[in-house]
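Reader: I keep running into words like "buried" and "oblique", and I'd like to know where they come from. Could you go through them with me on a real example?

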Amino acid sequence: MTKTPTGKSVRLAQPVKQVTVDAGLMPKKPGRQQRRPSAEAEPATATVNIFAPVHPAVAATRQKMKQQAAKTAAVRLGAAIDAGALPAAEAKRLVLSRIVKSLGSTEAAEKWYRSHHLSELGGRTPAQMVRAGELRALLEYFARDTSAKA
């Protein structure tokens, strides 16, 4: 995807046609003073991008590809966790993403990650467990904890 000057994303395979229209037909931007054209001035024009719709079959194929990519990423993540090959920064990000949902903010999750001692896991903090390479045990603890609450 690429960004247009308006900041909207354009799919590269999507046909685009540029059309020149009378600027008076374009919506007015709030807070901007409009100049009054003089009688001799040329009429103002604006260039507009018109995007062709995407066929439903193409949209469905793209959705299937996104789902397959997500499944593949989940399998790779699981394999890296099982092998203990997940870098500490990635492991921290994974733990924090789980905790942010329950604590409500990134700051609270970061504080909990560094300072909350888990008595069920030997009184260590999640940060200590991640540094020791015990991410699998920490994730199992989260799974047990959330299943007990449900």
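Author: Sure, let's take the terms one at a time. Just keep in mind that this is a predicted model.

Reader: Okay, why is leucine 96 called buried?

Author: Leucine 96 has a relative accessible area of 13%, and buried means under 20%. The value falls under the cut-off, so leucine 96 counts as buried. You'll find leucine 96 in helix α2, residues 88–103.

Reader: Which residues does leucine 96 touch, apart from its neighbours within four places in sequence?

Author: Leucine 96 is in contact with Ala109, Glu110 and Tyr113. For contact, heavy atoms have to be within 4.5 Å.

Reader: What makes α2 oblique to α3?

Author: Their axes come within 8 Å and cross at roughly 120 degrees. Roughly perpendicular covers 65 to 115, and roughly antiparallel starts over 145. The angle fits neither, so α2 is oblique to α3. The crossing is right-handed, too. Among the residues making the contact are Leu96 and Ile99 of α2, and Ala109 and Tyr113 of α3. By class, that contact has 9 nonpolar, 1 polar and 3 charged residues.

Reader: Which residues of α3 are buried, and how do you know that they sit on the same side?

Author: Ala109, Glu110, Trp112 and Tyr113 are the buried ones. They cover an arc of only 165 degrees around the axis, so they lie on the same side of α3. On the other side of α3, Glu107, Lys111 and Arg114 are exposed, and exposed means over 50% relative accessible area.

Technical notes: Residues are numbered from 1 along each chain as its sequence is written. This is a predicted model: local features need pLDDT of at least 70, side-chain atom pairs count only at pLDDT 80 or more; totals for chains, interfaces and linings use all residues. Side-chain values use heavy atoms; hydrogens and water are left out. Helices (H or I, at least four residues) and strands (E, at least two) are DSSP runs, numbered from the N terminus. Buried means under 20% relative accessible area, exposed over 50%, partly exposed in between (1.4 Å probe, protein chains only). Axes are lines fitted to C-alpha atoms, for helices over the stretch in contact, and angles run from 0 to 180 degrees between N-to-C directions. Angles under 35 degrees count as roughly parallel, over 145 as roughly antiparallel, 65 to 115 as roughly perpendicular and the rest as oblique. A crossing is left-handed if the near helix is turned anticlockwise from the far one by less than a right angle, and right-handed if clockwise. Ala, Val, Leu, Ile, Met, Phe, Trp, Tyr, Cys and Pro count as nonpolar, Asp, Glu, Lys and Arg as charged, and the others, Gly among them, as polar. The arc is that of the directions from the helix axis to the C-beta atoms.
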